[in-house]
Amino acid sequence: MEIKPLKDWYTLVEDLFAERGITIILGASDTGKSTLAKFLIQELCKKGLKVALVDADIGQSFLGPPTTIGLSIFKSDPDWEIILSTPEIFFVGSTTPEGYFPTHLKGVKIMVDKAKSYGADLILVDTTGFVSGDGGKELKSRKIELISPRFIVALQRFDEIEHILAPYKNNPFYKIYRLPLSNQVRPRSMEERRIYRTNRFKDYFKYSTIHELAINEVKVEGEVIDPNGESIPLDLALKIKGLLIGLKNGDDNTLALGIIRHYFEDKRLLRIFTPLEDIRKVKKVQLSSQKIIPLFEGDII
């Protein structure tokens, strides 16, 4: 879909071009954060900047699969229908930040630091739509304090994120941009969101194959929480067919996601469905409480 920018968006482009640095985009669900991010990338790349996008919207991400924070570097106006470069990902393990604040914040910081190390002129951080109440305020405030953005861009229908912006209004370090919503913004139902996540997972796993991993040779971290909020013992957790896991190297970088297909407890051998080609690179397995039901090889819901 062609992006139809608003006048105020061009003013923001000029200010970002002049000052660069880090910009965080805030807004509730269905306010057009990703649309704005795409527009800014297009315009700033046209001006010759090297732009990084940290896509921290773990529920409705468009860079990486759901449950992950994605990072891509753009040097030219991208074709959004065909993103040629595979993004780097950080596995959070959930499609919502609630209950996962430390992991989510850790991932954002890691990806922003990576973008800096890659020499990005400007770093855009797209965020989740979780902005309401004390929880939304805490998450966004901790994120702002963690990455110290020069620009805070607020997309809101009324004043729903003013409680987040309030502590930064009189701080000269932060520049707050309040932008109206584009008329392209259309609210999506819960079912539409579920279908989007399903299709994103299908795209991610469509070229996957089965690999076997010796559990004794890797470190297992994280936990699986049952519906009552209790932690499931490791040997039982590894038997959950369809459990989504993160596959990491020794430097704690997420190499790929995987889906548990079978666990041979006697052999301590885990059979995993993953797009990762070289399973020997895996040194850590990160558990989650996210389950994906395999239908057949190459297709999931």
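Here is a short chat about one residue and two nonpolar cores in this predicted model.

Visitor: Let's start with Asp-252: where is its place in the chain?
Guide: Look for two strands, E10 (244–248) and E11 (254–264). Asp-252 sits in the stretch linking them, and that stretch is a loop: the one between E10 and E11.

Visitor: Is Asp-252 buried or exposed?
Guide: Check its relative accessible area, which is 16%. Buried means under 20%. So Asp-252, at 16%, counts as buried.

Visitor: Which side chains make polar contacts with the side chain of Asp-252?
Guide: One polar contact, of 3.2 Å, goes to the side chain of Lys-248. Another, of 3.5 Å, joins Asp-252 to the side chain of Lys-284. So, with a polar contact needing N or O atoms within 3.5 Å, the names you want are Lys-248 and Lys-284.

Visitor: Now the largest nonpolar core: which element gives the most to it?
Guide: This core has 29 residues. Elements giving two or more residues include strand E1 (21–27), strand E2 (51–55) and helix H3 (101–117). With four residues, the top giver is H3.

Visitor: Leaving out residues up to four places away in sequence, which residues does Val-54 touch?
Guide: Val-54 is one of the core members that touch the most other members. Skip the residues up to four places away in sequence, and Val-54 touches Ile-69, Gly-70, Leu-71, Met-111, Val-112, Ile-123, Leu-124, Val-125 and Asp-126.

Visitor: How many residues are in the other core?
Guide: This core lies apart from the largest one. Its members include Phe-74, Phe-151, Leu-155 and Leu-179. The number of residues is 25.

Notes. Residues are numbered from 1 along each chain as its sequence is written. This is a predicted model: local features need pLDDT of at least 70, side-chain atom pairs count only at pLDDT 80 or more; totals for chains, interfaces and linings use all residues. Side-chain values use heavy atoms; hydrogens and water are left out. Buried means under 20% relative accessible area, exposed over 50%, partly exposed in between (1.4 Å probe, protein chains only). A polar contact is a pair of N or O atoms within 3.5 Å; within protein, one must be able to donate a hydrogen and the other to accept it, and residues adjacent in sequence count only if both atoms are side-chain atoms. A nonpolar core is a set of buried Ala, Val, Leu, Ile, Met, Phe, Trp, Tyr and Cys residues joined through side-chain atoms within 4.5 Å. Contact means heavy atoms within 4.5 Å.
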